[in-house]
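Visitor: I have a new model open and some quick questions. Can you walk me through it?
Guide: Sure, go ahead.

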Amino acid sequence: MSKNINFDSYTRLIDEILLDIRPYIRTEGEQLLGSLLAQVMVKSNLVAEEHIELKKAYQDLRKGYDEMKNLVFEISKKQQ
């Protein structure tokens, strides 16, 4: 689900967030804070998606390791 993101898509995501908060921004300082807030929101969403993918990959890896361990156990039982 994680997407490869380039600069254009990153700025597009930030602009989408800024559309929601622009009516409330009045000063240059608020514009800067709004832009920083949008960047943090985009980055935290990307990190959360990556975390979910890594967690799934780790579970798959653990499952494969458990299967391999059971196979080795079965082979060693047959050899005895």
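Visitor: Start with aspartate 66. Is it buried, exposed or partly exposed?
Guide: Aspartate 66 is partly exposed, because its relative accessible area is 31%. Keep in mind that this is a predicted model.

Visitor: Which side chain does aspartate 66 meet in a salt bridge?
Guide: Arginine 62. The N to O distance is 3.9 Å.

Visitor: How far apart are arginine 62 and aspartate 66 in helix H2?
Guide: They are four residues apart, so about one helical turn separates them. In general, an α-helix has 3.6 residues a turn, so residues three or four places apart point the same way.

Visitor: And arginine 62, buried or partly exposed?
Guide: Arginine 62 counts as partly exposed, at 37% relative accessibility.

Visitor: How many salt bridges does the structure hold?
Guide: Two. Besides the bridge between arginine 62 and aspartate 66, there is one between glutamate 74 and lysine 77, at 3.7 Å from N to O.

Visitor: What is the spacing of glutamate 74 and lysine 77 in H2?
Guide: Three residues, which puts them about one helical turn apart. Glutamate 74 is partly exposed, with a relative accessible area of 37%. Lysine 77 is partly exposed too, at 44%.

Visitor: Switching to the helix itself. How many residues does H2 have, and what does it reach from end to end?
Guide: H2 has 52 residues. From first C-alpha to last it reaches 76 Å, close to the 76 Å expected at 1.5 Å a residue.

Visitor: What about the span of H1?
Guide: H1 has 15 residues, so at 1.5 Å a residue it should span 21 Å. Its end C-alpha atoms are 21 Å apart, in agreement with that.

Visitor: Where do the helices run, and which residues form the largest nonpolar core?
Guide: H1 covers 7–21 and H2 covers 28–79. The core has seven residues: Tyr10, Ile14, Ile17, Leu18, Ala38, Val42 and Leu46. Each of these two helices supplies at least two of them.

Visitor: Which helix gives the most to this core?
Guide: H1, with four residues.

Visitor: Which residues are buried in each helix?
Guide: In H1, the buried residues are Ser9, Tyr10, Ile14, Ile17 and Leu18. They pack against H2. In H2, the buried residues are Gly34, Ala38, Val42, Leu46 and Glu49. Those pack against H1.

Visitor: Zoom in on valine 42. What is it in contact with, leaving aside neighbours within four places in sequence?
Guide: Valine 42 is in contact with Tyr10, Leu13, Ile14 and Ile17.

Visitor: And tyrosine 10, with the same neighbours left aside?
Guide: Tyrosine 10 is in contact with Ile5, Gln39, Val42 and Lys43. Tyrosine 10 sits in H1.

Visitor: Why is tyrosine 10 classed as buried?
Guide: Because its relative accessible area is 17%, and buried means under 20%.

Visitor: How far is tyrosine 10 from valine 72?
Guide: Their C-alpha atoms are separated by 47 Å. The two residues are 62 residues apart along the chain.

Visitor: Last topic, the surface. Which residues make the nonpolar patch of about 310 Å²?
Guide: Leu32, Leu33 and Leu36.

Visitor: Where is leucine 36, and is it buried or partly exposed?
Guide: Leucine 36 lies in helix H2. Leucine 36 is partly exposed, with a relative accessible area of 42%.

Methods:
Residues numbered from 1 in each chain as written. Predicted model: local features only at pLDDT ≥ 70, side-chain atom pairs only at ≥ 80, totals over all residues. Heavy atoms only, no water. Core = buried A, V, L, I, M, F, W, Y, C linked by side-chain atoms within 4.5 Å. Buried < 20%, exposed > 50% of the residue type's maximum accessible area, 1.4 Å probe, protein only. Contact = heavy atoms within 4.5 Å. Patch = residues over 30% accessible without salt bridge, like charges linked within 9 Å, V, L, I, M, F, W, Y side chains within 5 Å. Areas by Shrake-Rupley, 256 points an atom, 1.4 Å probe, with all protein chains shown as cover. Salt bridge = Lys/Arg side-chain N within 4 Å of Asp/Glu carboxyl O. Expected span 1.5 Å × (residues − 1).
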